[in-house]
Amino acid sequence: MLDVVIKGGTVVDGSGAPGRQADVGIKDGRIAEIGAIDEPARETIDATGKVVSPGFVDVHTHYDAQAFWDGTLSPSPYHGVTTVVGGNCGFSIAPLAPEAGEYLMKMLSRVEGMPLESLQEGVPWNWQSFGEYLDQLEGRLSVNAGFMVGHSAIRRTVMGERAVGHEATEEELQQMVELLRASMEEGGMGFSSTISSTHNDYDGNPVPSRHATKEEILTLSRQVRDFEGTTVEFLPGVGWGEEEANYMADISLEAQRPVNWNVLVPNAQNIAHAETQLAATDIARKRGAEVLALTVPQPMTIRINLDSGFVFDALHNWAPFFRLSKAEKLEILKDPAKRKQMGEDAQNPDSPMHRLATWENFSFDQVQKDSLMEHRGRRRGASADE
């Protein structure tokens with residue numbers, strides 16, 4: 001007798017084969033049969049009109065810190081995700097030097113929009129090695145989880161404050177190599193990094209990995225080849241072309257692994273650019289490498305603000321604004337002439353992010369005062385001065 005039979009659903013098995021109507025029989029926690037099943041079962045589930053599939057693997061998440069206060073890793077399980085991979089973009093929180101925790105938590109609050117209070121109160125920050133970090137999560141999570149070893153974490157652990165603003169010495173690079181290898185031996189899923197102009201730390205400076213030379217990134221990527229089942233994730237930036245595609249192919253060849261890059265966002269306004277980005281796979285394969293884009297299966301909606309600066313600081317001439325205090329920002333925003341100049345800078349066609357500055361596509365998601373509640377949900381006007 002089977003334990004469970006799921007009857008009448010459309011089976012999509014993940015192999016690439018077309019979906020087909022079939023029953024699925026389960027025994028002792030494993031799939032025992034797929035097809036027309038007549039064998040009795042202790043439980044029968046009617047899946048008519050529904051899709052029956054393996055759990056989804058989300059290869060790009062940032063649950064590294066949330067895992068400590070939310071073992072469900074919500075909302076992923078509600079969407080059929082049964083395996084997640086964290087530590088992307090170079091933003092793992094292990095390995096960790098004793099004095100690096102404060103820097104990394106503030107960096108995460110900026111680049112990933114995580115509330116600083118949650119990072120301070122909900123994460124113990126009491127490990128050093130990658131293995132010690134994983135040990136803290138063992139048995140606490142409701143889904144399968146793996147974590148990449150992040151470049152910025154490695155750099156900050158080895159170089160301290162020098163990680164921002166300086167190239168690594170030969171000795172520092174060797175220490176990073178040893179730390180990365182030790183982290184993968186302890187369970188790290190691979191190496192992740194970013195050179196994207198959208199990634200800045202709490203103080204508005206480029207995150208540590210953005211100060212690395214190409215040779216440093218290739219050297220670290222090269223270590224992955226010695227660890228079975230590992231991979232590389234990388235952010236080449238925005239507005240890139242053939243040069244960046246070859247950069248990722250170089251990484252893949254050094255690592256002897258596929259490189260998953262973030263993020264392809266095709267839409268009707270950027271078809272030509274999306275095709276240029278997709279060509280990275282063709283360029284890589286001609287060289288014997290593998291480069292694959294990460295994308296999303298729906299229109300992308302993001303929540304951004306002028307406080308954190310994330311994404312906005314990639315607009316032309318906007319980065320200095322986000323290094324100011326909140327009071328200084330408000331003084332600038334009160335000045336119509338300065339607001340106008342910021343609007344003109346944002347729409348500079350030489351900037352790869354200028355399409356973001358289509359203000360009429362924005363709407364007010366949250367407001368801070370009761371007197372402004374009437375504006376919540378309202379779309380912005382076409383004028384940057386509104």
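Visitor: What makes Leu2, Gly25, Ile26 and Lys27 contacts of Ala32, once its neighbours within four places in sequence are left aside?

Guide: A contact is defined as heavy atoms within 4.5 Å, and Leu2, Gly25, Ile26 and Lys27 each meet that limit with Ala32. Ala32 itself sits in strand 3, residues 30–35, where a strand is a DSSP run of type E with at least two residues and a helix is a run of H or I with at least four, both numbered from the N terminus. This is a predicted model, in which local features need pLDDT of at least 70 and side-chain atom pairs count only at pLDDT 80 or more, while totals for chains, interfaces and linings use all residues. Residues are numbered from 1 along each chain as its sequence is written, and side-chain values use heavy atoms, with hydrogens and water left out.

Visitor: Why is Thr281 called buried or exposed?

Guide: Buried means under 20% relative accessible area, exposed over 50%, and partly exposed in between, with a 1.4 Å probe and protein chains only. Thr281 has 14% relative accessibility and therefore counts as buried. Thr281 belongs to helix 8, residues 271–286, and, residues up to four places away in sequence not counted, it touches Glu290, Val291 and Leu292.

Visitor: What puts the buried residues of helix 10 on the same side?

Guide: In helix 10, residues 336–346, the buried residues are Met342, Gly343, Asp345 and Ala346. They span an arc of only 165° around the axis, so they lie on the same side of helix 10; the arc is that of the directions from the helix axis to the C-beta atoms. Helix 9, residues 326–333, is included in what covers them.

Visitor: Why are strand 6 and strand 8 called edge strands?

Guide: An open sheet of three strands runs in the order 6-7-8 with parallel pairing, and its edge strands, strand 6 (56–58) and strand 8 (144–147), each pair on one side only.

Visitor: How do you know that strand 7 and strand 8 pair?

Guide: Two strands pair if DSSP finds at least two bridges between them; strand 7, residues 81–86, and strand 8 have four bridges in the parallel sense, so the criterion is met. Gly86, for instance, has Phe147 in strand 8 as its bridge partner.

Visitor: What makes a group of residues a nonpolar core?

Guide: The term covers a set of buried Ala, Val, Leu, Ile, Met, Phe, Trp, Tyr and Cys residues joined through side-chain atoms within 4.5 Å. The largest such core here has 68 residues, and those with the most contacts inside it are Ile93, Trp125, Trp127, Tyr133 and Ile251. Another core, of 14 residues, lies apart from it, with Val311, Ala314, Trp359 and Phe362 among them.

Visitor: What is notable about the phi of Trp125, and why is Gln256 called partly exposed?

Guide: Most residues other than glycine have a negative phi, and most peptide bonds are trans. Trp125, although not a glycine, has a positive phi of about 50°; it lies in the loop between helix 2 (116–122) and helix 3 (130–137), and its 14% relative accessibility makes it count as buried. Gln256, in the loop between helix 7 (242–255) and strand 12, likewise has a positive phi, near 55°, but its relative accessible area of 49% means that Gln256 is partly exposed.

Visitor: Which peptide bond is called cis at Pro95?

Guide: The bond from Ala94 to Pro95 is cis, with omega near 0°, and Pro95 lies in the loop between strand 7 and helix 1 (101–111). A cis peptide bond also joins Asn262 and Val263, where omega is about 5°, and Val263 lies in strand 12.
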